[in-house]
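Q: Please take a close look at a single part of this protein and explain how it is set among its surroundings. A formal account, with each term explained, would suit a first-year student.

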Amino acid sequence: MPHVRVPITTDRLVLRSFRPGDEADVFAYRSVPEVVRFIPGDPRTTDEVADLVAERASAGRLDVDRPALTLAVELGGRVVGDVLIHLAGPNGVDLRQVEIGWVFAPDVAGNGYATEAARALVRVSFEELGVHRVWARVEPRNEPSVRLCERLGMRREGVLKQASWFKGEWTDLAFYALLADEYRPAQQP
Ligand SMILES: CC(C)(COP(=O)(O)OP(=O)(O)OC[C@H]1O[C@@H](n2cnc3c(N)ncnc32)[C@H](O)[C@@H]1OP(=O)(O)O)[C@@H](O)C(=O)NCCC(=O)NCCS
């Protein structure tokens, strides 16, 4: 069964399971309306964040029944964001493909932390999980995420026009992907 060895360490960050005590850090960014504009969920209450942390603290081995793993991203002892590995393809759960995602606190933006964490996910997906394809779905208006996908070397594969009813409006979905035989670890420091 696929298994992600945590924590994952990068030059500046530690990607680890959530644990009790993370609630305040997570609330600080997930309660900001601009942060959740393009991701599921509304600005969260403290109680909702506590549930989220508890649920994710139990996350471990990935399998068809539990295909998603969300990791806290710690910078100098503070959780500044969270990232997602989801074993899925366009048709749903698929152990040979990984969808990645990210959410970061606005006050740490512009330092490459999200890129660094996402690069670690790409590396783990190809080198440890051995998947065939890593992909992301992004609303084209979400320019920081579009740029992040481009920095990861992902190909923009297409845009589905108004394919998603999301937060009260029809929205476009852009798809980005990288195949295993296109992955060059050297581009993923
Ligand atoms: C998407 C999101 C994580 C991107 O944040 P970000 O700060 O732009 O991304 P990074 O942390 O990788 O930083 C990259 C920026 O820092 C700059 N930077 C500085 N040092 C850097 C470094 N060492 N490495 C890479 N980039 C660096 C880059 O030039 C880039 O700026 P630019 O986009 O203006 O060119 C953030 O906007 C977010 O959390 N949004 C809300 C949640 C969301 O929408 N999630 C995605 C749903 S699909």
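The account that follows begins with the whole protein and then turns to helix 4 and what covers it.

A: This is a predicted model, in which local features need pLDDT of at least 70 and side-chain atom pairs count only at pLDDT 80 or more, while totals for chains, interfaces and linings use all residues. Residues are numbered from 1 along each chain as its sequence is written, and side-chain values use heavy atoms, with hydrogens and water left out.

The protein has 4 helices and 8 strands; helices (H or I, at least four residues) and strands (E, at least two) are DSSP runs, numbered from the N terminus. Along the sequence their order is β-β-α-α-β-β-β-α-β-α-β-β. The radius of gyration is 16 Å, close to the 16 Å that the globule rule gives for 189 residues, so the protein is as compact as a globular protein of that length. This radius is taken over C-alpha atoms, and the rule is 2.2 Å times the number of residues to the power 0.38. Buried residues make up 47% of the 189 residues, where buried means under 20% relative accessible area, exposed over 50%, and partly exposed in between (1.4 Å probe, protein chains only).

Helix 4 covers residues 143–151, and S145, V146, L148 and C149 are buried there. Seen down the helix axis, these buried residues fall within an arc of 160 degrees, so they line one face of helix 4; the arc is that of the directions from the helix axis to the C-beta atoms. As background, an α-helix has 3.6 residues a turn, so residues three or four places apart point the same way.

The cover over the buried residues of helix 4 includes strand 5, helix 3, strand 6 (133–138), strand 7 (155–166) and strand 8 (169–179). After helix 4 comes G153, with a positive phi near 80 degrees. M154 touches C149 of helix 4. Leaving aside residues up to four places away in sequence, M154 also touches I100, V134, W135, A136, Y176, A177 and L178; a contact means heavy atoms within 4.5 Å.

M154 also belongs to the largest nonpolar core, which has 54 residues. Such a core is a set of buried Ala, Val, Leu, Ile, Met, Phe, Trp, Tyr and Cys residues joined through side-chain atoms within 4.5 Å. The members that touch the most others are L15, V83, I100, W102, F104 and M154. Helix 3 (residues 113–128) gives the most to this core, with 9 residues.

Two of the covering strands can be viewed through one residue each. In strand 8 lies T171, which counts as buried because its relative accessibility is 3%. Between T171 and R141 there are 9.3 Å in space, C-alpha to C-alpha, although they are 30 residues apart in sequence. The contacts of T171, again without residues up to four places away, are E139, R141, L160, Q162, A163, S164 and F166. In strand 5 (residues 92–104) lies D94, which counts as buried because its relative accessibility is 13%. With residues up to four places away in sequence not counted, D94 touches L87, A88 and G89.
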